[in-house]
Amino acid sequence: MSDTNGTGGPHEANAATGTTRAGTTRGLSGTTGTGGLDAALFTAWAEEIAAAVRADRDRLTALDSAIGDADHGANLDRGFTAVAEALAGGRPDTPGALLSLVGNTLIRKVGGASGPLYGMAFREAGKALGDAPAVSLADLDAALAAGLAGIRRLGSAAEGDKTMVDALAPALRALTQAVQEGQAPAEAVGAAAEAAEAGAQATISMQARKGRASYLGPRSVGHEDPGAASTALIVRALHAAVSRTAGTPGERSGPAPEGPA
C-alpha cells in the first residue's frame with residue numbers, strides 16, 4: 001500500500017514484526033520508568049469512547065448521511081456498548097488483552113466498513129503490546145502505529161483519501177514527536193488528540209477516493225469524513241482517560257459512562 005507522505009520509518013518495522021519498542025517515559029505518577037500505562041488506563045479509554053460515541057452518535061450519523069450509508073454513529077454506538085458489556089463481565093489483566101477484546105468485539109458487532117477497520121486497528125495494537133502488565137508511552141506509540149498499519153493494509157487507504165487515516169496518521173506523528181521529546185503522557189496524548197481533530201477537519205476540503213463516498217466524486221467535497229471524525233473522537237477519549245487516570249485536569253471526551261445500555 002502506498003504511503004503518500006512517508007510516515008513509516010521505525011513504526012513500519014514494529015508493525016511488521018508485531019513487536020513494541022522498549023521505551024522510557026514518564027509514568028502516570030510523574031516518575032520515570034519503563035511502564036505505567038496499565039489495564040485500568042485502557043479500560044478507562046474504552047469507557048470514554050463508549051460515552052463519547054453515545055453522546056456524538058447523531059452527529060456521526062449526520063456526517064455519514066451526507067456521503068455514506070447514514071449508519072456510522074449507530075454502528076459505533078452498538079459496538080462500543082457491546083465492549084462496555086464485555087468489560088463489565090470481567091476486565092482482562094493486560095493492556096494488550098484488553099485492546100484485543102475491544103477489537104474482536106467490534107468485528108463481531110459493528111457493521112459496514114468501520115467494524116473491520118477499527119477491529120483490525122485495536123487487535124493489531126493489542127498484539128503489539130503483547131502480555132506486559134503495563135506499558136510505556138513509547139509502547140503505546142508503537143501499538144497505535146501497528147493499528148494504523150493494519151487499517152492501511154485492510155482499507156488500502158493513504159492520507160488524502162478522505163478516510164480515518166487522515167485523522168490517525170497525524171495523531172501518530174504528534175504522539176511520536178512527543179515521545180521523542182520526553183513529554184508526560186497527558187501532554188503527549190493531548191497533542192495527538194489536537195492533531196487528530198485537525199486532520200478530521202482537513203477532510204472537509206478533500207474529494208473522497210475510497211469507500212462509498214468516492215462514488216460521489218466532487219460532491220464529496222465540503223463534508224467531513226465520518227470515519228475521520230470518529231477517529232478524532234477516539235483519540236480525544238484516550239486523552240481524557242489518561243488525564244483522568246493521571247489526575248490531570250483535562251476535558252472529558254463525553255459524559256460519564258452510565259454502564260451498558
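**Aromatic pairs: a quick note**

1. Searching the whole structure turns up three aromatic pairs. Keep in mind that this is a predicted model. I'll go through two of the pairs here, then the cluster.

2. Start with F42 and W45. Their ring centres sit 6.3 Å apart with the planes at 55 degrees, so this pair counts as tilted; the edge-to-face label is for planes over 60 degrees apart. Both residues belong to helix 2 (residues 39-67), and they are three residues apart, about one turn of the helix.

3. Are F42 and W45 buried or exposed? F42 has a relative accessibility of 1% and counts as buried. W45 comes in at 4%, so W45 is buried as well, given that the cut-off for buried is under 20%.

4. Next, F80 and F122. Here the ring centres are 6.3 Å apart and the planes meet at 70 degrees, so the pair is edge-to-face. This one links distant parts of the chain: F80 comes from helix 3 (residues 72-88) and F122 from helix 5 (residues 114-129), with their positions 42 residues apart.

5. As for exposure, F80 has a relative accessible area of 1%, which makes it buried. F122 has 6% and is buried too.

6. Which residues do the ring pairs join up? F42, W45, F80 and F122 are linked into a cluster. So when you look at the model, view the helix 2 pair together with the pair from helix 3 and helix 5, since ring pairs tie these four residues together.

Conventions
Residues numbered from 1 in each chain as written. Predicted model: local features only at pLDDT ≥ 70, side-chain atom pairs only at ≥ 80, totals over all residues. Heavy atoms only, no water. Phe/Tyr/Trp six-rings, centres within 6.5 Å; stacked < 30°, edge-to-face > 60°. Helix = DSSP H or I, 4+ residues; strand = E, 2+ residues; numbered from the N terminus. Buried < 20%, exposed > 50% of the residue type's maximum accessible area, 1.4 Å probe, protein only.
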